[in-house]
Amino acid sequence: MFLQRTIRKRAEVIGIGLHTGEPTRLTFCPAPENTGIYFVRRDLPGRPAISTRADLVTATTMATTLGGCEFSVSTVDHCLSTLAALRLDNLFIELDGPEIPIGDGSAEPFLKAIVDAGLVEQEQPRRYAYISQPIYYGTDEKYAYVLPYNGLRITCTIEFPHPRIGRQNLDIDINEHSFAREVARARTFGFLRDVEALRSRGLARGGSLDNAVVLDSQEILNPGGLRWADEFVRHKVLDALGDLVTLGMPLMGHLVLYKAGHDMMNRLVRKILESPDSYRHIELGAELPEVSLDGTYS
Ligand SMILES: [Zn+2]
């Protein structure tokens with residue numbers, strides 16, 4: 001039986017916010033069974049909390065923002081992606097401000113903090129959303145869909161008319177090992193012309209070559225270059241995995257993406273939730289092997 005999990009003890013990630021450029025601090029805190037994942041704004045009176053549900057996603061430009069009440073939490077993707085890969089079910093994520101620290105633009109700071117703190121299994125079984133019928137969203141130009149699959153698999157294709165990107169494809173079974181090895185270190189990326197436009201609107205103030213891969217019309221501007229030649233598509237897989245958390249339960253299925261970003265992922269997740277005939281709630285039996293994090297990340 002796969003049981004629900006939370007973090008063993010509190011763990012911190014400190015950094016700056018991508019848009020505000022201000023220092024910010026995040027603390028992962030253990031939560032009881034059947035809680036789910038909540039962000040808590042401890043800087044605000046009454047410490048309001050917000051769930052990570054698809055209907056609370058209010059913005060998907062560049063990164064995913066949760067809001068809908070009197071406050072918001074933005075740039076949640078890389079943090080949530082890590083939780084999906086590590087199969088964390090219950091967690092309070094306390095924040096000092098409206099943004100998650102951007103770190104180096106990848107999921108690595110979150111992965112490291114959680115793995116260092118350790119995970120604990122709880123008493124209740126985890127319930128998965130097991131896709132039983134395909135669900136499709138999109139057009140011929142870009143789309144996202146899920147198919148039945150015994151596991152979590154992502155097939156992602158991107159196409160950018162840029163000499164250093166072009167067409168890239170990644171097909172990967174997601175588990176904590178493959179995530180740590182193949183996905184977690186892939187950084188977010190952006191084009192210099194867009195960065196300049198964002199800055200003029202007061203956004204991306206914290207953005208720099210330390211927390212994103214930046215490209216001009218021909219080249220990569222980061223002195224250290226890329227971590228993989230296809231770092232771009234790996235990051236898209238990272239982002240999509242984070243968006244899947246807004247389903248409210250771990251997905252068992254095969255996610256196929258073509259030129260799909262946060263907005264399309266949000267629409268697909270909403271469509272899944274609106275199609276209860278297309279998935280079943282299941283608990284996995286005891287015959288499946290237990291997964292362990294020991295020695296998989298260093
Ligand atoms: Zn991202």
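Which residue of β8 is the bridge partner of leucine 66? In this predicted model, that partner is valine 73. The strand β7 (residues 65-66) runs antiparallel to β8, and two bridges join them. Both strands belong to an open sheet of three strands, arranged in the order β6-β7-β8 with antiparallel pairing. The edges of this sheet are taken by β6 (57-59) and β8 (73-74); each has a single partner strand, so one side of each is left without a neighbour in the sheet.

A further open sheet comprises five strands in the order β2-β3-β9-β4-β5, and its pairing is mixed. Here β2 (11-16) and β5 (49-51) occupy the edges, and because each has a single partner strand, one side of each lacks a neighbour in the sheet. On average, and with direction ignored, neighbouring strands of this sheet are turned by 20° against each other. Six bridges connect β2 with strand β3 (residues 23-30), the two pairing in the antiparallel sense. Glycine 15 has threonine 24 of β3 as its bridge partner.

Two helices lie across strands of the five-stranded sheet. Helix α1 lies across β3, β4 and β9 (91-95), and its direction makes an angle of about 145° with β4. Helix α2 (residues 108-117) lies across β2 and β3, running at about 160° to β2.

An aromatic pair also links helix α2 to strand β3. The model contains nine aromatic pairs. In one of them, the ring centres of phenylalanine 28 and phenylalanine 110 are 6.5 Å apart and the ring planes stand at 80°, so the pair is edge-to-face. Phenylalanine 28 lies in strand β3 and phenylalanine 110 in helix α2, so that distant parts of the chain, 82 residues apart, are linked by this pair.

The second largest pocket encloses about 570 Å³ of space. Its lining is made up of 28 residues, and those nearest the centre of the pocket are Gly36, Asp89, Gly248, Met249 and Pro250. At least two lining residues are supplied by each of β4 (37-41), α1 (77-86) and α5 (231-244). Strand β4 and helix α1 thus recur here, having been described above as elements of which the helix lies across the strand. Classified by residue type, the lining of the second largest pocket consists of 14 nonpolar, nine polar and five charged residues.

Key: Residues numbered from 1 in each chain as written. Predicted model: local features only at pLDDT ≥ 70, side-chain atom pairs only at ≥ 80, totals over all residues. Heavy atoms only, no water. 1 Å grid on protein atoms, 1.4 Å probe; cavity = no way out; pocket = protein on both sides within 12 Å on 5 of 7 lines; lining within 4 Å. Points joined across faces, edges and corners; volume = space filled by probe spheres on them. Helix = DSSP H or I, 4+ residues; strand = E, 2+ residues; numbered from the N terminus. Nonpolar A, V, L, I, M, F, W, Y, C, P; charged D, E, K, R; others polar. Pairing = 2+ DSSP bridges. Axes fitted to C-alpha atoms, helices over the stretch in contact; angles between N-to-C directions. Contact = heavy atoms within 4.5 Å. Phe/Tyr/Trp six-rings, centres within 6.5 Å; stacked < 30°, edge-to-face > 60°.
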